[in-house]
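Colleague: Could we take a close look at a single part of this one? I'd like you to walk me through how the pieces touch each other.

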Amino acid sequence: MIALLRRDLMLAFRAGGGFGLGLAFFLIVTVLVPFSVGPQSELLSTIAPGVLWLGALLACLLSLDRLLALDFEDGTLDLLATAPLPLEAALSVKALSHWLTTGLPLVLAAPVLGLMLNLAPSGFMWLIASLALGTPALSVIGTFGAALTVGIKRGGLLMSLLVLPLYVPTLIFGAEAARRGAMGLDPGTPLTLLAGITLGTIALMPFASAAVLRMTLR
Amino acid sequence: MTLSIQNLAVARGGVPVLGNVSFAIAPGQALILRGPNGAGKTTLLRTIAGLQKPLSGVIEGADETIAYAGHADGLKAMLSVAENLQFWAQVFGHSDIEAALAAYQLGPLIDRLAGTLSAGQKRRLGLARLMVTGRRVWVLDEPTVSLDADAVAMFAAAVTAHLGAGGMALIATHIDLGLNAQTFDITPYRATADTRSGASDEAFL
Amino acid sequence: MSLWEYANPVKFLGLSARVQPYLWAAAAICVVVGLTWGFFATPDDYRQGSTVKIIYLHVPAALMAINAWFMMLVTSLIWLIRRHHVSALAAKAAAPVGLTMTLIALVTGAIWGQPMWGTWWAWDPRLTSFLILFLFYLGYIALWEAVEDPDTAADLTSVLCLVGSVFAILSRYAVNFWNQGLHQGTSVPVATGGRTVADVFWYPLLISMVGFGLLFLSLVLYRTGTEIRLRRTRALLARSRKDV
Amino acid sequence: MPELGKYATEVMAAYGASLLLLAGLVLLTLRKGRRARAELAKIEAQRRG
């Protein structure tokens with residue numbers, strides 16, 4: 001398992017591995033927001049938590065179709081399926097490496113972008129907390145979407161269509177927690193629910209993803 | 001432990017292609033599969049490797065013993081030869097890649113990125129992967145594609161050494177490897193009406 | 001004789017051909033009677049005026065939108081557990097019907113909302129939930145269309161339906177949490193235990209709901225038959241290619 | 001025609017749109033069904049003939 005994680009991380013950091021693409025996308029989307037809604041700082045500060053959450057979600061989505069498609073094309077998935085490592089574990093590791101290369105940098109970059117969007121000072125801590133809690137769920141759910149569409153030619157668009165509705169609860173609770181934090185309200189309830197979703201998906205989704213992947217590889 | 005196949009029927013895309021296939025491979029033995037294109041060699045090998053379910057029949061001795069090599073080698077272009085090999089060794093719980101490197105004369109290429117190798121070199125790396133799995137049964141689908149005569153000799157030597165150590169091999173190939181092995185022609189086993197039961201679309205007929 | 005015998009596609013076609021004329025007739029009668037009664041012969045609500053007549057479309061469609069997904073969930077489970085082809089194909093057949101019902105519920109809801117709430121669209125929890133359901137239907141149908149091998153498609157869509165159901169319920173709670181809405185309480189008594197609509201509105205509504213249910217059933221039976229014939233065509237073609 | 005009062009447009013629009021959608025669904029269903037029947041009949045005839 002550690003070997004797989006190391007390999008995936010190594011691949012992500014090598015040239016052409018796509019590390020940083022999600023981050024750059026996040027940056028650009030956030031920078032474009034003031035251009036589209038106007039530069040008024042009150043408006044920006046109201047929508048900042050939501051915009052940052054949506055940007056992070058889209059950035060996660062962007063890198064998902066590389067997650068399994070490349071391994072499918074070069075036969076790695078076939079070989080992994082015959083390896084002693086259970087497919088559930090392999091997919092959990094894949095989701096983890098996706099989070100480490102996409103989700104974690106987003107969490108770390110969010111405060112900087114929060115500054116640019118005039119996020120209320122009380123909101124920073126909760127923004128980071130909600131993203132840190134929520135982005136793992138995005139990676140795990142995304143892995144399921146990637147497994148569903150891995151055998152389909154040009155499956156990227158279809159994957160977005162399948163994954164985005166599944167992201168709704170995570171987005172609602174995550175953005176709600178960040179928003180309440182920014183408004184100085186107590187974000188405890190949405191944050192707890194978000195943690196619940198994250199833990200639940202981490203525990204259960206790999207089984208669904210592995211089941212689906214076995215069906216595709218047949 | 002013998003690999004034994006009894007009355008196996010396999011399907012491709014829901015349509016039965018082979019039926020009533022039976023054979024056994026004892027330790028130290030190899031079996032060469034032959035048959036025209038589209039006869040179902042790949043489907044049969046994938047079924048034995050556990051990548052798809054048989055329509056019917058029994059496969060014994062295949063649990064966690066098979067190393068499969070298909071048309072794709074599972075190599076990453078951005079990793080070096082050693083890194084690719086080490087990765088597969090670790091996945092299978094081993095760490096020694098020296099023997100595999102030596103058998104396919106990959107030593108001089110060890111730091112090259114796999115993406116910069118020629119097709120034949122990639123294939124050699126893909127076959128070297130089998131040696132680091134430590135698995136006893138090699139299931140190989142057209143392993144000699146894009147190999148030159150020298151490389152085929154390396155491959156034959158590697159298989160012979162594997163058999164000598166009590167391993168087994170099931171190889172679909174058209175060329176003569178010079179191995180001391182039985183051949184098994186799958187042409188007569190094409191699925192017929194009475195072996196078709198179990199096909200997924202049978203209910204619609 | 002067990003119910004599972006009708007899981008055989010040919011037997012299913014026979015049975016469904018026998019009951020379909022009655023079903024279609026009953027569906028047409030109920031829909032026409034319910035809607036005509038509702039449209040022509042019910043009084044206006046003292047608060048909502050004539051817009052209350054939209055209820056005879058909105059509520060049955062919304063009900064069937066959810067029931068269709070529930071039916072797909074059950075048939076998906078049957079496919080995954082017992083691998084009966086009819087079950088998987090019935091789920092495939094039901095999806096576009098459910099999608100249309102969801103769309104009707106959304107459109108009538110929006111048209112109703114305009115005079116009542118003063119806006120075409122409000123991010124009311126129920127409307128939003130239906131929008132999410134709509135997206136799930138779209139994804140489900142798109143996945144069926146995208147996968148070539150029919151059995152793999154059935155497998156994948158079944159798992160998507162299962163996982164989607166869990167997330168749909170999660171979304172429902174999330175949306176409730178996110179916005180306590182404008183929507184009036186439920187009008188269907190089974191959900192609340194007490195009826196909230198007067199008898200004059202209730203009987204035509206009931207007939208309408210039965211009608212939409214029967215219409216759904218007829219459509220699904222017919223469409224399942226179509227899917228079975230398409231699969232049979234495919235199977236025969238595959239065989240003739242192999243036999244040549 | 002019942003007296004629909006000031007909401008006539010809305011009510012008519014709701015009924016119109018819904019019936020249109022239902023009719024569209026039924027028509028598409030029937031068309032697809034007919035085609036499938038015809039195709040299957042053709043292939044079965046070929047097999048017998």
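What follows is a look at the contact between chain A and chain C.

Modeller: Sure, and keep in mind that this is a predicted model. The contact draws on 27 residues from chain A and 27 residues from chain C. Putting the two chains together buries about 2,200 Å², and carbon and sulfur atoms give 84% of that area. As for charged pairs, the count between chain A and chain C is one salt bridge. The partners are Lys153(A) and Glu148(C), with their closest N and O atoms 3.6 Å apart. If you go looking for residue pairs in polar contact between chain A and chain C, with both residues at pLDDT 80 or more, the count is zero. That salt bridge doesn't clash with the zero, because a salt bridge is allowed up to 4 Å between nitrogen and oxygen, while a polar contact has to be within 3.5 Å.

Now for the chain A side of things. The elements of chain A that each give two or more residues to the side touching chain C are α7 (123–149), α8 (156–182) and α9 (188–217). Of these, α8(A) supplies the largest share, with twelve residues. Sort that side of chain A by class and you get 19 nonpolar residues, three polar and five charged. So on paper, here's the picture to carry back to the viewer: a chain A side with 19 nonpolar residues, and a buried area to which carbon and sulfur atoms give 84%.

Terms used:
Residues are numbered from 1 along each chain as its sequence is written. Chains are lettered from A and ligands numbered from 1 in the order in which they are written. This is a predicted model: local features need pLDDT of at least 70, side-chain atom pairs count only at pLDDT 80 or more; totals for chains, interfaces and linings use all residues. Side-chain values use heavy atoms; hydrogens and water are left out. Contact means heavy atoms within 4.5 Å. Buried area is the accessible area (1.4 Å probe) that two parts lose on being put together, summed over both. A salt bridge is a side-chain nitrogen of Lys or Arg within 4 Å of a carboxyl oxygen of Asp or Glu. A polar contact is a pair of N or O atoms within 3.5 Å; within protein, one must be able to donate a hydrogen and the other to accept it, and residues adjacent in sequence count only if both atoms are side-chain atoms. Helices (H or I, at least four residues) and strands (E, at least two) are DSSP runs, numbered from the N terminus. Ala, Val, Leu, Ile, Met, Phe, Trp, Tyr, Cys and Pro count as nonpolar, Asp, Glu, Lys and Arg as charged, and the others, Gly among them, as polar.
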